[in-house]
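Please open the structure in your viewer and keep the selection panel at hand. We will take the tour one stop at a time.

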Amino acid sequence: FALGPNQPPPPPRSASLVLQPGRQRRFSSASLTPSFDFHPLLSGPFQNASGVRVRLFPRGVEALNLVASNLLANQLPKILIPNVEHRLPSDQGVINISKIRMSRFKRAAFHNISMKAPNRVLWEMRNVDIGLIGDLSGQTNIVVPLELTGEAEILAEGLDLTIESEMERSPEGSARVQTLYCASSIKAVEVINHNGGVFGLAVTVFKAGIGENVRSMLERIICTEIKKYVDDDLNVKLAEVQTKSPLSNAVRLNSLKTKDLHSKDTKGISFTNFFDKDFSSDFYIDYRLKENPQCGDNVIDLGSSGEISYKGLGDTPFGPVLIPAPETENNEMLALSLSDFVLNSLFYHAYKQRKLRIFVDSTTKGAESMLRTKCDGSFCLGDLIPQLNEAYPNATMAMLFSATRSPACIFSERDGGVLSMRLGGLLAFYVEEMGRKRQIALFSVDVIVSAQMSILKGNIRGKIALDRFDLVKKYGELRITKEELNDIAILSSQFIEGMLNELFATGFPLPVPQVLHLDNLHLKVRNRHVVLLTDFSVDEQRLNRIASAALFPYIPKSPNAPSISSLLDVEPQHATVDSSARVPRLQQQPQQMQPLLPHQVQHVQ
């Protein structure tokens, strides 16, 4: 927006109101031409820049460590484990274990996730105890020949695991993780044969000969399977999750919902806002990465698109300006930078879909008396334009506002931080005759407003003030004097100011996943973007449901299996885990036991 001198006097048949005396905030008078759907100030060389930037600080990484530890402790006992075939060295036989499930689990005594430059993630777990049980088959010939039958339970004590990975952006825009290094070691392993007919000397031979082989087999298999899961399966899941999401999934109750507006600012008129009831499901936000993730000392930076478009089709003809990575001020956990591109892309595609329209007639709540040509003891349009009653005695009227270009929104540091907005459109007046509406006048409207920004309950809010309001009659059979035009301009400006204030009363929602709750938010308005510094908490029940469906599917998916989105709308079931089931030493496990189903896995504290 150009901050220049006052514009020349308006041409005849126009009304121009400077509603905030002494304030010189302007868009450039020559900055808009009929060939543009949007303000040229939004054009720029950075079409592929990130519209949203996220920086996770060390306290945030520490919090995610605990979340990840709880998530793994909840999900690992449920995962499917592939069948194992292990050939012993020197042709001493082969061990087959199938239908493997977890029978014992004690979470890691130490769990840590750390980051380092340029894009490395180090994951460490220490002292995990697990028990696996499965159907045993095969033959061994270590000291004496043995035919392996029944069930084998493998009790592994003191599992240590270290994994180093790098993160990058895939060509499709999702995060992609590549394993660089994996090492696992197990302190002790005990193998128990259940119901297999191994007894006497054979038991000693079985444990002595098989145990050490099983330990090396497990250490190898653990890293092989983790590498396969991370490099293949996890990246497929990340590509599915990190794409585009309807606004209805991305935000909570907010101003994007259809809302009746009724306030003294709009003279008691009620109307639905710009956005119809299908708006939040028709418009999608793009979460895909625009650049490779960057890591520092327990700090990670992500840059995503942030584009909001109809049905997620994109194709916004402008992009965000470059915005810097945010910095912490009071040891916050997370910083979120939002370019005004997020707002502008939303308004652009809403305009292209003809969503930016407001229609008010005699059926609109609160407008019945105002939209009449003859006033009966209350204010009406006949007071502003007396000729209305002469030309159309005792008739009802209607008004239609329709945007003629996409509204333009610009964040600015001036005056402590404001959002400036320019809105242009047409205002049509209709008279209702014999059940039909006939247009009698058409005006062009150009509005410049500014808003002092604040944040409440995760929504960015603004108190709107009109800086300038221009009303020009385009054509129509209704003859209006300059004084009448000024009166219409005052009424219309109050109407639009009240409408915008109601629209921003609940605020524009932050596009964050519902699994994340933001706490202690602080808003900083910068040039062309805002920065939100915040702490956060994670809805771990919801996260576990998402992980069960997307990242750790332990039940084979059938055609009738529920979708991830349907799982998010279901209250979690609460299961009671017997934490008193403690196993001080693995050697104390019973020699005879039955196979355990997944829900029977014992969690050892």
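Which residues have the most contacts inside the largest nonpolar core? Select Leu338, Phe429 and Phe443, and you have them; the core they belong to has 117 residues. Bear in mind as you look around that this is a predicted model. Now add helix α2 (residues 201-241) to the selection, since α2 gives this core its largest share, ten residues.

Stay with phenylalanine 429 for a moment and show what surrounds it. Setting aside neighbours within four places in sequence, phenylalanine 429 is in contact with residues including Leu381, Met397, Ala398 and Met399. Its contacts also include the run Arg438, Gln439, Ile440 and Ala441, as well as Phe443 and Ile488.

Next, look for another core, which lies apart from the largest one and has seven residues. Select Phe341, Tyr348, Ala408 and Ile410, which are among them.

**Helix α5**

Two of those residues bring us to the next stop, because Phe341 and Tyr348 are among the buried residues of α5. Select residues 341-352 to see the whole helix. From its first C-alpha to its last, α5 reaches 16 Å over twelve residues, close to the 16 Å expected at 1.5 Å a residue. Is α5 largely enclosed by the rest of the structure, or largely open? Eleven of its twelve residues are buried, so α5 is largely enclosed. The buried set holds polar names too, including Asn344, Ser345 and His349. Step past the end of the helix to arginine 354, where phi is positive, near 60 degrees.

**The three-stranded sheet**

With α5 still shown, add β10 (244-246), β16 (308-310) and β13 (residues 283-286). These strands form an open sheet in the order β10-β13-β16, with antiparallel pairing. β10 and β16 are the edge strands, each with a single partner, so one side of each has no neighbour in the sheet. From one strand to the next, the twist averages 35 degrees.

Zoom in on β13 and β16, which pair over three bridges. Here tyrosine 284 stands opposite serine 309 in β16. Now bring α5 back into view: the helix packs on the sheet, where it touches β13 and β16, and its direction makes about 10 degrees with that of β16.

**The disulfides**

How many disulfides does a search of the whole structure find? The search finds two, and they follow the pattern 1-2, 3-4 when bonded cysteines are counted along the chain.

For one of these, select cysteine 182 and cysteine 223, joined with an S to S distance of 2.1 Å. The link is left-handed, with -85 degrees about the S-S bond. It ties together distant parts of the chain, 41 residues apart: cysteine 182 sits in strand β9 (residues 175-194) and cysteine 223 in helix α2. Cysteine 182 is partly exposed at 22% relative accessible area, whereas cysteine 223 is buried at 12%.

Then move to cysteine 375 and cysteine 380, whose sulfur atoms are 1.7 Å apart. The torsion about their S-S bond is about -80 degrees, so this disulfide is left-handed. Cysteine 375 is partly exposed at 25% relative accessibility, while cysteine 380 is buried at 0%.

For a last stop, select two further cysteines. Cysteine 295 is buried at 8% relative accessibility, and cysteine 409 is buried at 0%.

Note on methods
Residues are numbered from 1 along each chain as its sequence is written. This is a predicted model: local features need pLDDT of at least 70, side-chain atom pairs count only at pLDDT 80 or more; totals for chains, interfaces and linings use all residues. Side-chain values use heavy atoms; hydrogens and water are left out. Two strands pair if DSSP finds at least two bridges between them. Helices (H or I, at least four residues) and strands (E, at least two) are DSSP runs, numbered from the N terminus. Axes are lines fitted to C-alpha atoms, for helices over the stretch in contact, and angles run from 0 to 180 degrees between N-to-C directions. Contact means heavy atoms within 4.5 Å. A disulfide is a pair of cysteine sulfur atoms within 2.5 Å. Buried means under 20% relative accessible area, exposed over 50%, partly exposed in between (1.4 Å probe, protein chains only). The expected span of a helix is 1.5 Å times one less than its number of residues. A nonpolar core is a set of buried Ala, Val, Leu, Ile, Met, Phe, Trp, Tyr and Cys residues joined through side-chain atoms within 4.5 Å.
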